[in-house]
Amino acid sequence: MSEELLFKVMFFLMPIGFFISGFFMLRYSLKVKKRKEDCSVAAKGTIVKVIKEYNRLGDTTSRHIYYPVYEYMANGEQITVKSKEGLFSSKVYQVGTQVELYYNPQNTEQIYVPSDKAGSRVQTGFFWGGLGFLFAAVLSIVMNVLLK
């Protein structure tokens, strides 16, 4: 493949890749934000278990991620839920720790835990990362137009 053709293909595919990445990162960020808004009823929860899951981060890297399992009362019923956010360190979550959490009154198994900084950092990172990728998509389109 000639260098000129490779250059054209690259400038055609780059904005598409940036846009798709940015779109899905922003979508995830807004989904987490909506979950926070939907979870409006406060409850006292207790970490009853910490689940250790193996996660491959690529061909050569793998790590364990630790997810807390919370137990709390909602509408007179005892609910047990595994958190959607986990951390690479088991030291953060201790069985027996009590936390304030919020649940969705329409779906009592959907929770938001304000003290869980992992979820907040992920949401913020995905929001700004998504905006950055969308900006890169626009910038690469502009560069493509100017270079033609």
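# A friendly walk through a predicted model

Colleague: Which residues form a nonpolar patch on the surface, and how much accessible area do they have together?
Modeller: This is a predicted model, and the patch is a good place to begin. Its members are Leu5, Val9, Phe12, Leu13, Ile16, Phe19, Ile20, Phe23 and Phe24. Together their accessible area is about 850 Å².

Colleague: Let's take Phe23 from that list. Is Phe23 buried or exposed, or does it count as partly exposed?
Modeller: Phe23 is part of helix H1, which covers residues 3-38. Its relative accessibility is 40%. Buried would need a value under 20% and exposed one over 50%, so at 40% Phe23 counts as partly exposed.

Colleague: Stepping back, what pattern does the chain follow along the sequence?
Modeller: The chain has 2 helices and 5 strands. Reading along the sequence, the pattern is α-β-β-β-β-β-α.

Colleague: How does the radius of gyration of the chain compare with what the globule rule gives for 148 residues?
Modeller: To go with that pattern of α-β-β-β-β-β-α, here is the overall spread. The globule rule gives 15 Å for 148 residues, and the chain is well over that, so it is more spread out than a compact globule. Along the principal axes, the C-alpha atoms fill a box of roughly 65 × 35 × 20 Å. The radius of gyration itself is 21 Å.

Colleague: What share of the residues of the chain count as buried?
Modeller: Let me start with the surface: the accessible area of the chain is about 10,000 Å², and 61% of it belongs to carbon and sulfur atoms. As for burial, a residue needs under 20% relative accessible area to qualify. Of the 148 residues, the share that count as buried is 28%.

Colleague: Among contacts between residues at least 6 apart in sequence, what share join residues at least 24 apart?
Modeller: Here we set aside pairs that are closer in sequence than the cut-off of 6. Of the contacts that remain, the share joining residues at least 24 apart is 62%.

Colleague: How many salt bridges are found in the whole structure, and which one ties together parts 29 residues apart in sequence?
Modeller: A search of the whole structure finds 3 salt bridges. In one of them, Lys82 bonds with Glu53, with the closest N and O atoms 2.6 Å apart. Lys82 lies in strand S3 (residues 77-82) and Glu53 in strand S1 (residues 41-56), so this pair ties together parts 29 residues apart in sequence. Both residues are partly exposed, Lys82 at 34% and Glu53 at 30%, and the answer is Lys82 with Glu53.

Colleague: Which residue forms a salt bridge with Glu37?
Modeller: The partner lies in helix H1 along with Glu37, 4 residues apart, about one turn of the helix. Glu37 counts as exposed at 52% relative accessibility, while its partner is partly exposed with 42%. The closest N and O atoms are 3.5 Å apart, and the partner is Lys33.

Colleague: How far apart are the closest N and O atoms of Lys34 and Asp38?
Modeller: Lys34 and Asp38 also lie in helix H1, 4 residues apart, which is about one turn. Lys34 is partly exposed at 47% relative accessibility, and Asp38 is partly exposed with 25%. The two form a salt bridge, and their closest N and O atoms are apart by 3.0 Å.

Colleague: Turning to the strands, which residue in S5 does Tyr102 stand opposite?
Modeller: Strand S4 (residues 98-104) pairs with strand S5 (residues 107-112) in the antiparallel sense, over 3 bridges. The two form a hairpin with 2 residues between them. In S5, the residue opposite Tyr102 is Tyr112.

Colleague: Last one: which residues does Ala137 touch, leaving out those up to four places away in sequence?
Modeller: Ala137 lies in helix H2, residues 117-147. At 4% relative accessibility, Ala137 counts as buried, since that is under 20%. Gly125 is 12 residues from Ala137 in sequence, and their C-alpha atoms are 18 Å apart in space. The residues that Ala137 touches are Pro15, Phe18 and Phe19.

Technical notes: Residues are numbered from 1 along each chain as its sequence is written. This is a predicted model: local features need pLDDT of at least 70, side-chain atom pairs count only at pLDDT 80 or more; totals for chains, interfaces and linings use all residues. Side-chain values use heavy atoms; hydrogens and water are left out. Patches are made of residues with over 30% relative accessible area and no salt bridge: like charges are joined within 9 Å, nonpolar side chains (Val, Leu, Ile, Met, Phe, Trp, Tyr) within 5 Å. Accessible areas come from the Shrake-Rupley method with a 1.4 Å probe; for residues, only the protein chains shown count as cover. A salt bridge is a side-chain nitrogen of Lys or Arg within 4 Å of a carboxyl oxygen of Asp or Glu. Buried means under 20% relative accessible area, exposed over 50%, partly exposed in between (1.4 Å probe, protein chains only). Two strands pair if DSSP finds at least two bridges between them. The radius of gyration is taken over C-alpha atoms; the globule rule is 2.2 Å times the number of residues to the power 0.38. Contact means heavy atoms within 4.5 Å.
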